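Here's a walk through one protein model, from its cysteines to its rings and one of its sheets. Have the structure open and follow along.

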Amino acid sequence: MARSTQHLHPHKEPAPLLLAATVLLLRDGPEGLEVLMTRRAMTASFAPGAYVFPGGGIDAADAQAHRFAKRRATQSDLHLTQAIAAIRESFEELGILLARHASGQMANDADIAALKRHVPPPDFAAQCAAHGLTLAADEVFVLAHWITDRDLPRRFDVPFLVARMPDAQMPVADDKEQFEPVWVRPAEALARHEQGNLFIIYPTIRTLERLQKYATVDSVLAECTGEQPWFTSCPRAGWLGGKEVRYMEHEAPFGELALTCPDGQMLHHLDWVSDQAVLLLKNVQRLTAPNPGVMTGPGTNSYLIGDLDTGYAAIDPGPADPEHLDRLWCAAGGHIRFIVCTHSHPDHSPGAAPLQTLCEQHGHTPPVLGLASQPSARAHSAFTPDREVRDGERLVLQGTDTTHTLRVIHTPGHAANHLCLVLEEDGLLFSGDHVLNGSTTVIDPPDGNMNDYLNSLDKLLAACAQDRIEFILPAHGYVLGNVWGEPHDARACIAHLKAHRLKREAKILGVMQQHPEGSMDDWLKQAYDDVPARLWPVAMRSLLAHAERIRSLTNA
């Protein structure tokens, strides 16, 4: 965990969470799945005028009404309470009642007309029972779980539930909280929002995006039988292209927003720039080289670790671009103590020598550290450091009151001389090309080796546990720190990456077994049929690495 003294912004306590529940009422329409949406009052304190799904706050009485509801055997007390709250709110707002007679028949319009829509929460379930109705909570399933963004002044912890719309009922808005109920296909709602004709907020948008993949109510409900939400998300906000943007945990910028603004402040700009340093912590700056491309993404990330008191370590100075190296030197105030290359590929190490020369011209010579390239490296990746670093060696920047310690981890795989660095005091992993954000690391034999790569991932997993590493700072792409359900945990990112690699390898093995006489080109087309053909030349390298590993395991 990063030291609070290194955070960029003062601590800000997010607004407390209010418990609520909402329900997506679904039906099968003539053109596919439809969901019921309704417009919030313009005077509402949260999302005024937005089209939403019916719902509202969870009342203490909802937890006391379990005896008035039917539940599934696998439905927890919490989910039952949430379902009762959603049933109560949808009845109050839209006159839709998910309740049954003892015969099993769902409530109809005549039953609804006999009930009072606006009663205190403690009286709702009892009123239904008095009319011979049992709440059909067993028909309400968990779809998603949203927690309002940390930067907003009013925040909710909300399960998005889902249920089939009763056939014999019609929605009638209360014209107080909700107006203009409308049935709409998810894709249509999204299109109307883009056109400016249907205002919907971020959680609604993202839920509809998932829902539009389903054709029928049955197909949605079939995916909800596990009693767990499809996802849980508390989005984070930043700026991109001068506009406010929000991202969920699985999306590329989320980890960077979590590192730079842990309390949810909307202050970080996500635009890729090569003409200035980007502060990630007070002691971590990123300068992206102007070498964007298919293999480098937005460019090679060079990092400066340290401060004016301790001096700086420069990680991966990148290509020998004079302007980029000058910006590195200036951002460090000319006080670069040492230069470390994670490996010797031409987008990482060529800048080391000219950066050292630039420092020499101003009176000091920082050593270039790393691992020498092996004979297996391609000619353009030849590299000899001033000194080779040992596995586990600590490179220390010591100031008057502050210390920054980088521990070396040898991680062959992408290249035979690849290493990663752990900033021990702040739980950060500088992963070079071993772990990337937005693309998969290419393993290019003979210098690249898939078995070594996977073993090195295990080594990084162990380091993450040892040092409580939360964030990964790759050589290409944004800071990593999240995947689904695993907030701020670098281990989850690495485990996800390893699982992806092994899944691909299993697919390759299946293709090789089905077509033992096939050529590498034949295998490539089938094993990477989900990858654009323009990337097949790059994928061919990793295919070769996987094939070598499969053969080595088979012959072991």
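## Cysteines, rings and a sheet

Let's start with the sulfurs: there are zero disulfides in the structure. Keep in mind that this is a predicted model. Why does Cys341 have no bond to Cys359? The cysteine sulfur closest to that of Cys341 belongs to Cys359, and at 13 Å it is too far for a bond, since a disulfide needs the two sulfurs within 2.5 Å.

Some of the residues in this tour are tucked away from the surface. Here are five of them, with the relative accessible area of each.

| Residue | Relative accessible area | Status |
|---|---|---|
| Cys128 | 0% | buried |
| Cys341 | 1% | buried |
| Trp146 | 3% | buried |
| Phe383 | 10% | buried |
| Tyr202 | 18% | buried |

Tyr202, at 18%, still counts as buried because the label applies under 20% relative accessible area.

**Around Phe383.** Where does Phe383 lie? You'll find Phe383 in the loop that connects strand S18 (368-370) with strand S19 (387-388). Setting aside neighbours within four places in sequence, its contacts include Cys341, Ser344, Ser349 and Asn417. Val368, Leu369 and Gly370 are also among the residues that Phe383 touches. Arg192 is another story: 191 residues away along the chain, its C-alpha is 56 Å from that of Phe383.

**The aromatic side.** The model has eight aromatic pairs. One of them joins Trp146 and Tyr202 in an edge-to-face arrangement, with 6.1 Å between the centres and 85 degrees between the planes. The two partners come from distant parts of the chain, 56 residues apart: Trp146 sits in strand S7 (residues 141-147), while Tyr202 belongs to helix H6 (residues 202-211). Both rings also belong to an aromatic cluster, whose other members are Phe53, Phe160 and Phe231. Another ring has a charge for company: the charged end of Arg72 sits over the ring of Phe141, 4.0 Å from the ring centre.

**The sheet with S18 and S19.** Back to the strands on either side of the Phe383 loop. They're part of an open sheet of seven strands with mixed pairing, in the order S13-S14-S15-S16-S17-S18-S19. Strand S13 (278-281) and S19 are the edges, each pairing on one side only. S18 and S19 run parallel and are joined by two bridges, and Gly370 stands opposite Glu388 in S19.

Which strands does helix H9 touch? Helix H9 (residues 322-331) packs on the sheet against strand S14 (284-288), strand S15 (301-307), strand S16 (311-315) and strand S17 (336-340), and its direction makes about 165 degrees with that of S14. Helix H10 (residues 352-360) also packs on the sheet, where it touches S16, S17 and S18; the angle between the directions of H10 and S17 is about 170 degrees.

**Zooming out.** The whole protein has 14 helices and 26 strands. Its C-alpha trace spans about 90 × 65 × 40 Å along the principal axes. Of its 556 residues, 56% are buried. Among contacts with a separation of 6 or more, 64% come from residues 24 or more positions apart.

Notes
Residues are numbered from 1 along each chain as its sequence is written. This is a predicted model: local features need pLDDT of at least 70, side-chain atom pairs count only at pLDDT 80 or more; totals for chains, interfaces and linings use all residues. Side-chain values use heavy atoms; hydrogens and water are left out. Buried means under 20% relative accessible area, exposed over 50%, partly exposed in between (1.4 Å probe, protein chains only). Helices (H or I, at least four residues) and strands (E, at least two) are DSSP runs, numbered from the N terminus. Contact means heavy atoms within 4.5 Å. Rings of Phe, Tyr and Trp (its six-membered ring) pair if their centres lie within 6.5 Å; planes under 30 degrees apart count as stacked, over 60 as edge-to-face and the rest as tilted. A charge sits over a ring if NZ of Lys or CZ of Arg is within 6 Å of the ring centre and within 35 degrees of the ring normal. Two strands pair if DSSP finds at least two bridges between them. Axes are lines fitted to C-alpha atoms, for helices over the stretch in contact, and angles run from 0 to 180 degrees between N-to-C directions.
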